[in-house]
Amino acid sequence: MQLNMDRPGVTIFLQGNAALARGALEAGVDYATSYPGSPTVEILELLAQVARQCGFYAEWSVNEKVAVEGAAAASLAGLRALAITKADGLNVALDFLTCLGLTGVRGGLVLVVGDDPSGHSSVKEEDTRFLARVAHLPVLEPTTPQEAKEMVGVAFRLSEHLAQPVVLRTVTRICHAGGNVTLGPLPQERRRPSLGTEDRFICVPRQHLQQEQKLREAAKLAEAWNLVSYEGPAKAETLIVASGPGLLYAREAVKRLQRQDQVGLVGLKMVWPLPETVLQRYLQVARRVLVVEEIEPFIEEQIAALIGRNAGEWPLLRLYGRKDNTIAGSFGGGCGELTPDLVRAALTTILGLSAPEETGFRTEFRPPERELAFCAGCPHRASFWALQSAIALDGRRAVVLGDIGCYTLGRGRSGYRVLHTVHAMGSGLGLASGFGKLKEWNWERPTVAVLGDSTFYHAALPALINALYNRSDLLLVIFDNETTAMTGHQPHPGREVDARGEPAKPVSLEQILHGLGVPLKIQDPYDVRSSMRAIYRALKEEDVRALILRGPCALLRDRKLAQLRTYVDQMRCLGEGCGCNVFCSRVWACPANRWDGLRGKAYIDETLCTGCGACAQLCPAGAIRTEGGEAPWREG
Amino acid sequence: MPPKGPLHLQKEVLQVEQCTGCGLCAGLCPYFNVVDERVALTSTCGLSEGLCYEVCPRTPTDWELIDRTVFGAPRQDHVLGHWQGLYYARAGEAAPAIEGKQYGGTVTALVAFALTQGLAHGALLTSGLPGDFPVPVLARTMDEVLAAAGSKYSATPTLQALVGAMRDGLGSMVVVGRPCQVLAVRKLQSVKRRTPVTNLTAGTKLFLLGLFCFWALSSAFYERFLPSKLNPLEVTRLDLPPYELVVSTPKGELRLPVDELRPLIRPACEVCFDPTAEFADLTVGSTEDDPRWNTLLARSALGSELLEAATAAGWLEVRPYPADRVHLLREAVARKKRRVVTGPAGPPPYLFLQEAYHRGVVAAEEESGCS
Ligand SMILES: Cc1cc2nc3c(=O)[nH]c(=O)nc-3n(C[C@H](O)[C@H](O)[C@H](O)COP(=O)(O)OP(=O)(O)OC[C@H]3O[C@@H](n4cnc5c(N)ncnc54)[C@H](O)[C@@H]3O)c2cc1C
Ligand code: SF4
Ligand code: SF4
């Protein structure tokens, strides 16, 4: 199936992200940018595949700020532009965005932002609506894939109507959910860029007034544009105000409790600014209101303020939601993702019903807890082993600053718990720049920043320049797996291809570091002992220095090419009697290193093994053997 | 005594700078590692008992027990230990030319002889460029043996490669080591286990060639000292004739008084009780007299056999030890041993001497009249 098939009226099954991409096609997007981040990664991937064919532009940008800037440029030139990020990514773009919110835009500019409640694939659960509010941008939020598709077009129209960027906020459960989507027509005409001689976009504080006017205008449009829905009795004393997947959960709860004739349900598709006039109609007659929304009590607080402003005019009404823990959230205390069960429990409480009714239907399936681990053959496992060994050898208790990527797992068992900090993209290097100055307090612990290649391009340069200029002492270790692995191998500025698969001009890590005068060594992480020595020696040096541990992501290596068959010679394996105490499967813990409980010996699951041979270098009994090729680092 | 393991080794040896850098533990498991002659427990195996503790030359060692296991009896000579013959020796006419030999080339000649005769299938030696940390090698060819000639005056962890070689089934090999390394190998050989699991040494015949050694330099020598004097990459040869360090480069020679090296001596060496590799099959040292010759002690039957065979084949040339020099050798050795035993802090914790051994050392010293 092609995303750009021109068959209006046909209904197909699409993932939320695909529906959003299709929505962009139907809206005639001209320019699309993104930096890969879960849960919205697939949108640009899908768009890039058809971009050339459909006659628009799509790129993986170096980071979200540049992505939004690029899209904004297209918008200022009158084109329809789409920038796609995850919540954390919008932070990176926020400085620019708060200014763009002042100057406004020309062509439609839509920011699709994926929030990740409970942080399934993020370090935090951040609520984008607060950022949009700071930048004075309207926020729309879909409930189903179909709505997501339609909403892209609505967002473009709203953006053009207001001459203001519009945020289309979505969450993991929409992005990754599937649903039936009816296709609309694709545009036939394409826009051309233009910039009038009088067009100026210069941000000044006074524009704040226009921003507020634009928001008032947006709130007014909500009803006419069907951005608020209502279902339930004409006058409901119990009211639920819900948005996003929360609306579906609320609808289900009402149905399960069979209170359709008693509970009113307001669905907000425009979640900022609050469509107050419409809401007022329902709030005026309600006695209890439950707000169901993802992540923070954002709508809840707006409604509380609205009630406050109408005190004395409306009958007394009680507000329930996350704030008072009626919606407990999956982390408890009003935090964490919504689930249908949590919403039903909340409704049960406010209706004064007793125990939640037994539905006999399990909505919550809990898979066994498993710790996150690096893939079989992952170069990072070898890198972290070498790093933690080198740090122990060095003996000065180096401080290791982590970053965002697969190697974030270095905080856990799979990375031998070597990371002291994990925050945001590139911030490990900024922290390192600071730790590296503590020598002025006679602090003697070496500083190590660990970050990946994609992260280096994304956000490392200013911190690196800061460290150089201010003569900080730090060792930058780049875990270079030659891709953006965490989000599914998108190309980055070090690669020879761009998002559309066309030739790009690679920007080499080495050249950047050479250009900055950073002493650099490059090391193959699979040669574990040499890596250990390289890190150990680099730790001893002073000033800013770098080490690239370069090994391609195990998922990308061509398995048929030059792979070492790696196996356990069970005659050599000493089993329980080996002093190593099951090093391979317990400590090193590559998923391919397994324990044969029957024989009490190790074995290798050859369907998982990528043949990196790293474990073979470390098995003290020499029981892990390789054949079919020689790895250059095999000693003796 | 309850069994001890890696954490004890870390506490009793590594953390108190008693590690000799022999390298044996680093070859036993992935949790001990060595880089640039620094040994550390880099992660924990979780076991409370370990071979590592048992074989380390700096965990408590009963000297008499080792004598009994290696030579079958307690020693008579408390200065030089067990020996069958004391000679001047050097590489013989039949041996290949040994360019980088330290003195008489005795060690290299013996190793080369054992390899070419098929008496040993490999030799654990210490090689490398003179300006950088030496590297352990498992030599199998004449070229590799010749390339390893010459003393490197730091604590190269040669034994790191020993266990791997034995596990790979090398039937016989020569190990050239400092006295602490010889002791470590003997401790490994005395580990008695019924299972093949830890009875590592059973399948490999070892010739232990010990070196005289009064001290070795710490890592700081290559890391800081040398680079502070010149560009280490340019060094072509390092020599320690008595009382000075000679560093040769294409630009000329740098001569430094040996006293400059004193602060760089590895702390573990200060309390070393064994300057003459008492548990080796053969021990080789300088003569302190004629740099073309070596001092050679034949200690075990195995050592004597090798010596005789090499001499008969012309690979080694020996002559009697000059009678007037014996007491000089004994005095130097006795002095060091007595200093260790009777030092202000008492004998170091690793050294367990039976009453007779203790008396023997002190008495030997008094008899030689040196103090
Ligand atoms: C650290 C050290 C300190 C020494 N101190 C003294 C001393 O105080 N008094 C004295 O008489 N002799 C001392 N020696 C011994 C002496 O330097 C010669 O090694 C010995 O006399 C043999 O000479 P050769 O001509 O036979 O050596 P060669 O034929 O040149 O062979 C030397 C052999 O020693 C091995 N070797 C080199 N460096 C090391 C090392 N660091 N660890 C283990 N093996 C090594 C090499 O692999 C080579 O096989 C010391 C040796 C070392 C390594
Ligand atoms: S060789 Fe070892 S480390 Fe590499 S993939 Fe196979 S089992 Fe994993
Ligand atoms: S002396 Fe040898 S066995 Fe003991 S800790 Fe040092 S390297 Fe390990």
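Select strand E22 (residues 601-604) of chain A, where the side chains alternate: A:Ala602 and A:Ile604 point to one face and are buried, while A:Lys601 and A:Tyr603 point to the other and are not. Buried here means under 20% relative accessible area, exposed means over 50%, and partly exposed lies in between, computed with a 1.4 Å probe on protein chains only. Strands (E, at least two residues) and helices (H or I, at least four) are DSSP runs numbered from the N terminus.

The model is predicted: local features need pLDDT of at least 70, side-chain atom pairs count only at pLDDT 80 or more, and totals for chains, interfaces and linings use all residues. Residues are numbered from 1 along each chain as its sequence is written, chains are lettered from A and ligands numbered from 1 in the order in which they are written, and side-chain values use heavy atoms, with hydrogens and water left out.

**The hairpin and ligand 2**

Add strand E21 (residues 593-596) of chain A, which pairs with E22(A) in the antiparallel sense over 4 bridges; two strands pair if DSSP finds at least two bridges between them. The two strands form a hairpin with 4 residues between them, and A:Gly600 in the turn has a positive phi of about 65°. A:Asn593 has A:Ile604 as its bridge partner in E22(A).

Next, select ligand 2. The residues around ligand 2 include A:Asn593, A:Ile604, A:Cys590, A:Cys609, A:Cys612 and A:Cys615, where a residue counts if one of its heavy atoms lies within 4 Å. By class, this shell has 7 nonpolar, 5 polar and no charged residues. Ala, Val, Leu, Ile, Met, Phe, Trp, Tyr, Cys and Pro count as nonpolar, Asp, Glu, Lys and Arg as charged, and the others, Gly among them, as polar.

**The seven-stranded sheet of chain A**

Move to the open sheet of 7 strands in chain A, whose order is E3-E2-E4-E5-E7-E6-E12 with mixed pairing. Strand E3 (57-60) and strand E12 (270-272) of chain A each have a single partner strand, so one side of each is left without a neighbour in the sheet. Within the sheet, strand E5 (residues 109-115) and strand E7 (residues 166-171) of chain A run parallel and are joined by 6 bridges. The bridge partner of A:Asp115 in E7(A) is A:Val171.

Now show the helices. Helix H3 (residues 64-76) of chain A lies across strand E2 (31-34), strand E4 (81-86) and E5 of chain A, at about 165° to E4(A). Helix H6 (residues 145-162) of chain A packs on the sheet, touching E4, E5, strand E6 (139-140), E7 and E12 of chain A, and its direction makes about 160° with that of E7(A). Contact means heavy atoms within 4.5 Å; angles run from 0 to 180 degrees between N-to-C directions, with axes fitted to C-alpha atoms, for helices over the stretch in contact.

**Around strand E12**

Select A:Lys269, in the loop between strand E11 (263-268) and E12 of chain A. Is this residue buried or exposed? A:Lys269 counts as buried, at 10% relative accessibility. Among the residues A:Lys269 touches are A:Glu141, A:Glu147, A:Met151 and A:Asn226.

Beyond the strand, the peptide bond from A:Trp272 to A:Pro273 is cis, with omega near -10°. A:Pro273 lies in the loop between E12 and helix H10 (276-283) of chain A. A second cis bond runs from A:Ser38 to A:Pro39, with omega near 15°. Most residues other than glycine have a negative phi, and most peptide bonds are trans. A:Ile295, not a glycine, has a positive phi of about 80° and is buried, with a relative accessible area of 4%.

**Chain B**

Finally, turn to chain B, whose mean pLDDT is 92, with 96% of its residues at 70 or more; pLDDT is the predictor's confidence in each residue, from 0 to 100. Ligand 3 is surrounded by residues including B:Cys19, B:Cys22, B:Cys25 and B:Cys56. Its shell divides into 8 nonpolar, 3 polar and no charged residues.

Then select the open sheet of 3 strands, E9-E10-E11 of chain B, with antiparallel pairing. Strand E9 (237-239) and strand E11 (252-257) of chain B stand at the edges. E9(B) pairs with strand E10 (residues 244-249) of chain B over 3 bridges, and B:Arg237 stands opposite B:Ser248 in E10(B).

Terms used:
Lists of a residue's contacts leave out its neighbours within four places in sequence.
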